[in-house]
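Student: Please give me a close account of a single part of this model: the empty space in it, and what surrounds that space.

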Amino acid sequence: MKKGHKGLKLIIMAVTLLFFYLPIIHTIIFSFNESKSLSKFTGFSLQWYEKMFHNRDMMMSVFYTILIAVLATLISTVIGTITAIGLSRSRKIVKALVSQVNDMPVMNPDIVTAIGLLMFFSVLGLRKGFMTMLAAHVMFCIPYVILSVTPKLRSLDPNLLDAAMDLGCTPMQALIKVIVPQISSGILSGALIAFTMSFDDFVISYFVTGNGVNNISIMAYTMTKRINPSINALTTLIVVIITIALTFVNIISYVSEKKKRRKV
Amino acid sequence: MVYPYIVWAAVMIVIPMLLILLYAFTAKGNSVRAFVFTLDNFKKFFSDPVFLSVLERSLYIAVVTTVICVLLGYPIAYIIARSSNISSARLLLLITIPTWINTLVRTYAWRGILDKTGIINYGLSFFGIGPVKFLETNFAVVLGMVYNFLPFMIIQIYNTLNKLDENYLYAAADLGATKFQAFLKVTLPLSVPGIVSGITLVFLPAVSSFFIPKLLGGGQYVLIGNVIESQFLTAGNWNFGSALSLIMAVVIIISMAVTRHIDKKINPEGEYED
């Protein structure tokens with residue numbers, strides 16, 4: 001009876017993982033396809049990799065995706081952290097107000113946020129492109145940074161800052177040398193969320209960009225009209241990079257775990 | 001230290017939302033200065049059976065997607081929560097990793113898989129079935145949505161199941177409950193909050209999605225998100241587009257209120273009724 005249960009569990013998890021990974025495996029396989037078809041494998045070739053590197057639009061979209069993700073992460077992490085620290089010492093009504101406003105982009109469907117920004121930028125007469133896309137990304141990233149930093153601040157001793165200043169720190173020094181190190185795990189996870197949100201964003205970017213500034217998602221979307229298997233090659237490269245990064249992180253944590261055990 | 005962000009949020013978050021309200025209730029024309037109050041945008045929507053059927057289809061697809069995600073997500077989350085700590089962390093990671101890869105590309109891959117010459121039909125041909133037309137059907141669109149949103153449901157349900165105090169289950173067993181009864185009377189009611197937040201995270205993107213129907217449903221397949229997209233990016237009718245997104249927002253708010261109401265009815269003090 002128990003064995004049967006275990007078998008059933010294994011089958012369910014295997015089917016689940018197959019479901020989630022099938023499109024990725026499919027993408028990887030067809031990045032090596034000889035023909036343009038996305039459903040029939042006709043033979044092995046590396047031509048889509050070669051074409052990918054020669055496709056200027058595609059390389060530019062990768063560049064913009066990374067540049068905007070890095071900038072949006074940096075800006076939103078700094079502003080989000082400072083705001084979260086400020087909020088932890090603000091009056092209740094200010095806290096409530098900011099968290100209400102922050103909930104809007106988190107809870108609204110992306111398309112609603114997107115059309116609001118589109119109209120806002122147009123009404124201001126701004127040229128849609130890199131700057132509007134970056135501003136939009138910063139806007140939807142900050143609430144996530146605040147959300148992940150705030151709980152860390154709450155568990156902090158409120159006297160810490162005063163103690164640091166009593167011992168001769170300027171407020172700025174107290175902030176950087178005392179508060180920030182204490183909440184660094186919250187800042188880091190906020191930055192990670194911001195990066196992935198920005199890197200993967202499609203809907204908001206699609207509505208607020210213009211003048212040929214595209215990210216990977218927008219390019220993939222416009223590609224549905226004319227099939228270009230180079231996008232499969234690009235995805236395969238991203239999968240490889242993520243796999244390497246994950247393995248690396250795992251090895252590091254494995255090694256540090258071993259070191260800890262040895263000390264004990 | 002807070003004020004710079006308050007100014008930024010007022011400008012970048014609040015004003016765009018107010019613009020949607022403004023445009024929804026004013027007559028056509030993209031100039032803010034010359035607006036005239038009107039309800040025509042809403043009249044246009046509710047008097048046209050085409051738009052109403054689009055809303056109906058969007059709701060139908062979103063509800064079906066959400067129900068499937070609950071039915072699939074619950075057992076999966078349950079299995080993960082009941083695994084040992086190490087393997088449940090690994091399983092969660094395995095489910096999260098695919099979401100790091102571009103959504104558009106992963107959804108697009110289903111086109112190849114579901115195609116008449118794709119691997120699913122290839123597999124079916126051994127049983128003498130097909131080729132079945134999967135693409136450009138409700139099935140493909142729901143599959144694309146379940147594929148994209150199921151991880152949210154699994155993680156939400158897992159979180160509540162993981163927090164569940166196992167002593168409750170021992171207590172239930174001591175009081176003579178079978179494992180199945182304990183699940184029905186203890187575990188399930190206590191995990192309702194996770195199901196509810198999972199429903200929010202699935203229903204919301206499902207009802208507003210526009211790229212999944214476009215990629216898997218084809219150009220003729222229209223949900224409310226697609227109408228909003230075309231009003232802004234091709235038709236250039238901001239007023240009607242804003243009204244549509246307000247209608248969608250109201251539909252979402254009503255659905256969420258209904259879900260919460262059912263949650264409270266089922267689970268006033270952790271009681272489960274059928």
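Tutor: A cavity is a set of points, on a 1 Å grid over the protein atoms alone, where a 1.4 Å probe fits but cannot get out, and its lining residues have an atom within 4 Å of a point. Grid points are joined across faces, edges and corners, and a volume is the space filled by probe spheres set on the points.

The model is predicted, with pLDDT of at least 70 needed for local features and 80 or more for side-chain atom pairs, whereas totals for chains, interfaces and linings use all residues. Residues are numbered from 1 along each chain as its sequence is written, chains are lettered from A and ligands numbered from 1 in the order written, and side-chain values use heavy atoms, without hydrogens or water.

The structure holds one cavity of 30 Å³ or more, and the volume of this largest cavity is about 60 Å³. Both chains contribute to its wall: H26(A), T27(A), F30(A), L38(A) and N232(A) on one side of the list, and V105(B), Y108(B), A109(B) and G112(B) on the other. Two elements give two or more residues each, namely α1 of chain A and α5 (103-114) of chain B (helices are DSSP runs of H or I with at least four residues, strands runs of E with at least two, numbered from the N terminus). The largest share, four residues, belongs to α5(B). The lining is made of five nonpolar and four polar residues, with no charged residue (Ala, Val, Leu, Ile, Met, Phe, Trp, Tyr, Cys and Pro are nonpolar; Asp, Glu, Lys and Arg are charged; the others, Gly among them, are polar).

The second largest pocket (an open set of points with protein on both sides within 12 Å along at least five of seven lines) also draws on both chains. Its volume is about 970 Å³. Of its 22 lining residues, H5(A), K9(A), Y78(B), R82(B) and K179(B) are the closest to the centre. Two or more residues each come from α1 (2-30) of chain A and from α3 (49-82), α8 (166-174) and α9 (179-190) of chain B. Here α1(A) provides the largest share, with six residues. This lining contains 13 nonpolar, three polar and six charged residues, while that of the cavity has no charged residue.

The contact between the chains (heavy atoms within 4.5 Å) involves 70 residues of chain A and 67 of chain B. Together the chains bury about 6,100 Å², 83% of it on carbon and sulfur atoms (buried area is the accessible area, for a 1.4 Å probe, that two parts lose on being put together, summed over both). Y108(B), one of the cavity-lining residues, belongs with M1(B) and Y5(B) to the trio that supplies 11% of the area chain B buries against chain A, more than any other three residues. Helix α1 (residues 3-24) of chain B gives the most to that side of the interface, 15 residues. The touching side of chain B divides into 52 nonpolar, 11 polar and four charged residues. Between the two chains there are zero salt bridges (a side-chain nitrogen of Lys or Arg within 4 Å of a carboxyl oxygen of Asp or Glu).

As for chain B as a whole, it has 13 helices and zero strands, and its C-alpha atoms fill a box of roughly 75 × 60 × 40 Å along the principal axes.
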